[in-house]
Amino acid sequence: MQDAPNTIKLEMTEGCNFRCGMCGIQGIREARGDYKFMDLETAVHIAGEISDSGWNSKIEFALRGEPLMNPHSVAIIDIFRRNLPKTHLMVTSNATPLLKPPGVHANISRLFDAGLNILALDAYKDSAKAIEQVRGYNAVEIWDYSNASKKESPYTKVKASRQRIFIMEDMEEAVLTGQRVGTKIGNNHCGAGLPTLVEPLAKRCARPFREMAIRYDGQVMLCCNDWRGIYKAGNIDDGSLEEIWNNDAFDAARKHLYHRDRNFGPCKGCDNTSFRVGILPDKVGKQDLPVPTADDRKTVDWASSGEPMTKPVLRPWEK
């Protein structure tokens, strides 16, 4: 049985009010908007499942869109806080939805009053107006990565009572230069954001070992980089989160990735590189995974077959 995920990424919104050049949103949307929102019923279902699992995972509201465009974002945070009173709850946003009435400071207060403890804001050029107003919010501590020594990270698990705002770098510039919070990353969103690799990386990937990514509609992604949903890892209606996390689709993918075989589904052209992969599959490096079998190969091929969960929009390198 796989260790519980360190992080559960949840999609409040599929769709964005930005169209950044490096982002996978252009691989699933022809234009801005066309939002699909997590509804309250789905939020209640997922929050209850996480509570029942007993997992101590961080929760990050992010994935394939701008979470705060969801008109129920405050109510969804409240649902998760009521179900998970001690859990690290984080929102990653481009900050611009905070400009809507009743205004930036009031909207931030609503999020924190609902139970959010970490608000991470990417300081894009188009976010400048909102970010400037955020800097004047004095009810919680603000860490500004444009002028701070980067000793703290919004991704570090903290107590639910610890509320902070992190003003991050310009995400577009950070990805295109390969730097994010001082850390080199790959981020081509499996070809939806930037061109795919010609040959698969012969490296382990830790994401399906350490994070669970759930779309707005309850479908479970293999990882947050598979923006189009090529690999079908499960659905919250298929069983408990623990059952999904340990199902055949995840198990077969982990075996291939553990043995440095990315030659399947969305992983073929993905440029993601992970850290501390030597201690996989568990958190302390005491376990091992067998070499994938022919049945495992059939499973990853089956999970990658058929239409993606989200209809692709072809990028220039795909035409």
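The nonpolar cores and the ring contacts of a predicted model are described here. Local features were taken at pLDDT of at least 70 and side-chain atom pairs at pLDDT 80 or more, whereas totals for chains, interfaces and linings use all residues. Residues are numbered from 1 along each chain as its sequence is written, and side-chain values rest on heavy atoms, without hydrogens or water.

The largest nonpolar core (buried Ala, Val, Leu, Ile, Met, Phe, Trp, Tyr and Cys residues joined through side-chain atoms within 4.5 Å) holds 62 residues, of which Phe61, Phe80 and Ile165 touch the most other members. Helix α8 (residues 248-258) supplies the largest share of this core, six residues; helices are DSSP runs of H or I with at least four residues, and strands are E runs of at least two. A second, separate core has 10 residues, including Cys16, Ile25, Ile28 and Tyr124. Beyond four places in sequence, the contacts of Phe61 (heavy atoms within 4.5 Å) include Leu10, Met12, Ile76, Phe80 and Val91.

Eight aromatic pairs were found in the whole structure, a pair being Phe, Tyr or Trp (six-membered) rings with centres within 6.5 Å, stacked under 30 degrees between planes, edge-to-face over 60 and tilted for the rest. Tyr145 and Phe166 form a tilted pair, with 6.2 Å between centres and 45° between planes. Tyr145 lies in the loop between β7 (141-144) and β8 (164-168), and Phe166, 21 residues apart from it, in strand β8. Both Tyr145 and Phe166 are buried (under 20% relative accessible area, with a 1.4 Å probe and protein chains only; exposed is over 50% and partly exposed in between). One aromatic cluster consists of Trp55, Trp245 and Phe250.
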